[in-house]
Amino acid sequence: MILTRMGDGSFVEMTTAEIRVDVEAGIEDAVKKAKCPPLTDEDTEHLMDIICDPRKFVSVERGNELVLTYDSQPMKFARLGIPIDRVQILQIYERALMADTLEMAYVHYSAKPVKTILPEEQYAVAEALLTTTPALLYGVMPNMPTYTKPDGPCENAAELLPKGMVTEAREAQMEAASMLEHDLLLLGAAMNEAGADGLDFDTSAAGGDAEFYACLRAVEQLRAKYPRMNIEVGMSSEFVLGFHSALEYKGERLAGMYPHKQCRMLAEAGANVAGVVVNTNSSRSFPWNLARALTMCKYAAAVSTIPVHANVGMGVGGVPMQITPPIDCVSRASTAMAEIGKLDGL
Amino acid sequence: MGGVRTSGDLVARMQLAKNMRLDDAKKYVADKLKVSLRDLTDEVTMREVREDLDISSIFMGYGSASRGIEAKFNIARLLDLEINCVEKFKKKTGI
């Protein structure tokens, strides 16, 4: 029997045959949903070896290491209740945790509240840049819903849609998207002035296709204005939610886009790195979830023209939905993404 | 990849700045540092290489290799990159 886990993190014992059934079912579901090719037989056998490895921690063979980008490094220490300043947190990431990249961020981690404290954020970035070595991005979630009532000035599409007010809901989303786009451009200008290497728009499109539209337009304009700016865009889910549903960018409908199409849009807008997400189903096993995530991510990396980093953490990338992601699953998911998925990073 | 303990920060820079895919970024950095691909993730070799090239390491005590903005001046030159904060530093100091 193999000790593995369910998508909620609880232990489950499965036979090798049961794991194989779940792996094949996960691959099949990915193919059906994302309309991508399945893993090869060789890939499937490699994945079985990784999942069924009796060791608690699994890693890549020498030479298959990949780089890591992060979302909001300072927030991780704030959650631990360790009261040190953000610049010191980034120094710890650099010299104690061996981070390949750094990311400054405000605790709210959303574009709208950061706008009101941009000078203070510029100071923190400028100060950190003097004492750190890796590329330093400034990260925010676009988080378009913060622009809607009751938190913002725009009508709330989530309240209008159940009433059948589709046109009004679409107009409200476009108004919020316009405000978001404006704020992302303000942020980009401020961080470029502070000296940051670039930006990370994390958890993008959580508010749906209008939010993704605003992000793409912001990236396009930032790229035109700052040709050397490093821009990473991390997504929020495996497909773009169609709250608006009719929005197009460069002639392609955004609603329902899966990772490989999201990567193409991000590349066309001018992003440098695409962060792809595949959601974990907490009712299915870890083997099912990992096989499914790997199938979608591998295809995204194969067809992308820019580097692709898979989100592998709490409830994404095959990892169980837990605030303490089990290391046996994180290490297996990371190994599979590197060796089978051929991702550029995580 | 190990950040400044190895060469992860340099490989990541090439991905972020030049859209280089992982294998291309590793080869670019290895060529610029004049080391093998295997050396890139070897903390023993890379500590000496980083100290020799003065591009920062995890040891930042007195007498250490260049740190922070100092190291980034050298990294920009070594990797043939324009690093935003280095350019800002030059402008402000008239270098």
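A:C329 counts as buried, with a relative accessibility of 1%. This is a predicted model. In chain A, 6 strands form an open sheet with parallel pairing, and the count of disulfides over all chains is 0.

**Cysteines**
- A:C329 takes part in no disulfide, and the nearest cysteine sulfur, which belongs to A:C52, lies 13 Å away.
- A:C215 is also without a bond, because its sulfur is 14 Å from the closest cysteine sulfur, that of A:C263.
- A disulfide requires the two sulfur atoms to be within 2.5 Å, so a separation of 14 Å between A:C215 and A:C263 is too far.
- The relative accessibility of A:C215 is 1%, and this residue counts as buried.

**Sheet layout**
- The strand order in chain A is β3-β4-β5-β6-β9-β10.
- The edges of this sheet are β3 (102-104) and β10 of chain A; each has a single partner strand, so one side of each has no neighbour in the sheet.
- From one strand to the next, the twist averages 25°.
- Strands of a sheet pair through backbone hydrogen bonds, in either a parallel or an antiparallel sense.

**Strands β5 and β6**
- Strand β5 (residues 198-204) of chain A is joined to β6(A) by 5 bridges, in the parallel sense.
- Within this pair, A:D200 is opposite A:E232 of β6(A).
- Helix α9 (residues 209-225) of chain A packs on the sheet and touches both β5 and β6 of chain A.
- The direction of helix α9 of chain A makes about 170° with that of β5(A).

**Strand β9 and its neighbours**
- Strand β9 (residues 273-276) of chain A is covered on both faces.
- On one side of β9 in chain A, A:V273 and A:G275 are buried; on the other side, A:A274 and A:V276 are buried.
- Strand β6 (residues 230-235) of chain A runs parallel to β9(A), and 3 bridges join the two.
- A:E232 stands opposite A:V273 of β9(A), in addition to facing A:D200 from β6(A).
- On the β10 side, 3 bridges join β9(A) to strand β10 (residues 308-310) of chain A, and these strands run parallel.
- A:A274 has A:V308 of β10(A) as its bridge partner.
- Between β9(A) and β10(A) the chain passes through helix α11 (residues 286-303) of chain A, in a right-handed β-α-β crossover.

Methods. Residues numbered from 1 in each chain as written. Chains lettered and ligands numbered in written order. Predicted model: local features only at pLDDT ≥ 70, side-chain atom pairs only at ≥ 80, totals over all residues. Heavy atoms only, no water. Buried < 20%, exposed > 50% of the residue type's maximum accessible area, 1.4 Å probe, protein only. Helix = DSSP H or I, 4+ residues; strand = E, 2+ residues; numbered from the N terminus. Pairing = 2+ DSSP bridges. Right-handed = clockwise from strand over helix to strand, strands pointing away. Axes fitted to C-alpha atoms, helices over the stretch in contact; angles between N-to-C directions. Contact = heavy atoms within 4.5 Å.
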